[in-house]
Structures are given as structure tokens and as C-alpha cells.
Amino acid sequence: MAKLTLDDLRRMRGEKQKAMEMRDSSNKDVQVIVGMGTCGIAAGAKDAYAALVDTLSEKGMTNVLVRQTGCMGLCHSEPTVEVVVPGMPTVIYGHVDAATAKDIVEKHIVGRGLIEGKILDKPSIDIVKNA
């Protein structure tokens, strides 16, 4: 392995700080929760998680809290991602791969729309105000 320079170490530190800021809950109004139980990890949740973090980072979005949880009980639909955006119904997406994770950021969080065909659960429209 090649020796690391001071610049390499500074770059690595900066990357890790950005990743840790995503997990800091202060000043965040949007939550993205990735099911990371053994079933989710086996189905590819780590790739979905990485794609979410990378896309949010590329877009410079600092108002989104990305966190992990255990099994959501939807093992047949793993990887699962729950998205909580103010003014929108809370939605759980299933079979989330890297492409869907990117769509979650671009279409759901930024575009304020739902990704049809991937929704596993959302509140009934009669219990959601201003949906």
C-alpha cells in the first residue's frame, strides 16, 4: 500500500465529516430511513444507502437526515426505505436499488412527488390533510 500524504489524510477526513453530518439530526426537516436488518443487507440495502448518501451529497442537500433501522417486517420487499417529508405522506418504498434511491432524492425529496410502482405503504388519502 502506498504511503498517504497529508493531503490524502485531509481529503479522507473531509469525506468522513460529510458522511457524519448526514447522520446529525440538528437542522434537518426530511428523514430517510433505510431498513438495514440482515434481510435488507442481504437484498442490497448497503448499495441503496450509499446511493442515497452520494446523491444527497452531490446535490449539496444538508436538510436530510439519513439513518438506518433494523428490519421493518417487510422482508419480502427488501431493501426498504421510509421517506418522511413535511407536507407529504410518509411513504415506504420497496425493492430499492441504487437507481431507485437516486429517484427518491430527485423525484420525492426535491420534486415533491411519489415514485409509483415502488410504494409499499402510505397513509390513505382520507387521513392525510393537504396531500
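**Strand β3, its partners and helix α4**

β3 and β4 run antiparallel and are joined by three bridges. Strands pair if DSSP finds at least two bridges between them. This is a predicted model: local features need pLDDT of at least 70, side-chain atom pairs count only at pLDDT 80 or more, and totals for chains, interfaces and linings use all residues. Residues are numbered from 1 along each chain as its sequence is written, and side-chain values use heavy atoms, leaving out hydrogens and water. Helices (H or I, at least four residues) and strands (E, at least two) are DSSP runs, numbered from the N terminus.

**Strands**
- In β4, valine 91 is the bridge partner of valine 83.
- Six residues lie between β3 and β4 in their hairpin. Glycine 87, in the turn, has a positive phi of about 80°.
- β1 and β3 also run antiparallel, joined by four bridges. Valine 81 in β3 stands opposite valine 34.
- Side chains alternate along β3. Val81 and Val83 point to one face and are buried (under 20% relative accessible area, with exposed over 50% and partly exposed in between; 1.4 Å probe, protein chains only). Glu82 and Val84 point to the other face and are not buried.

**Helix α4**
- α4 covers residues 98-110, 13 in number. Its first and last C-alpha are 17 Å apart, close to the 18 Å expected (1.5 Å times one less than the number of residues).
- The buried residues of α4 are Thr100, Ala101, Ile104, Val105, His108 and Ile109.
- Residues three or four places apart in an α-helix point the same way, because there are 3.6 residues a turn.
- Arginine 112, just after α4, takes a positive phi of about 60°.
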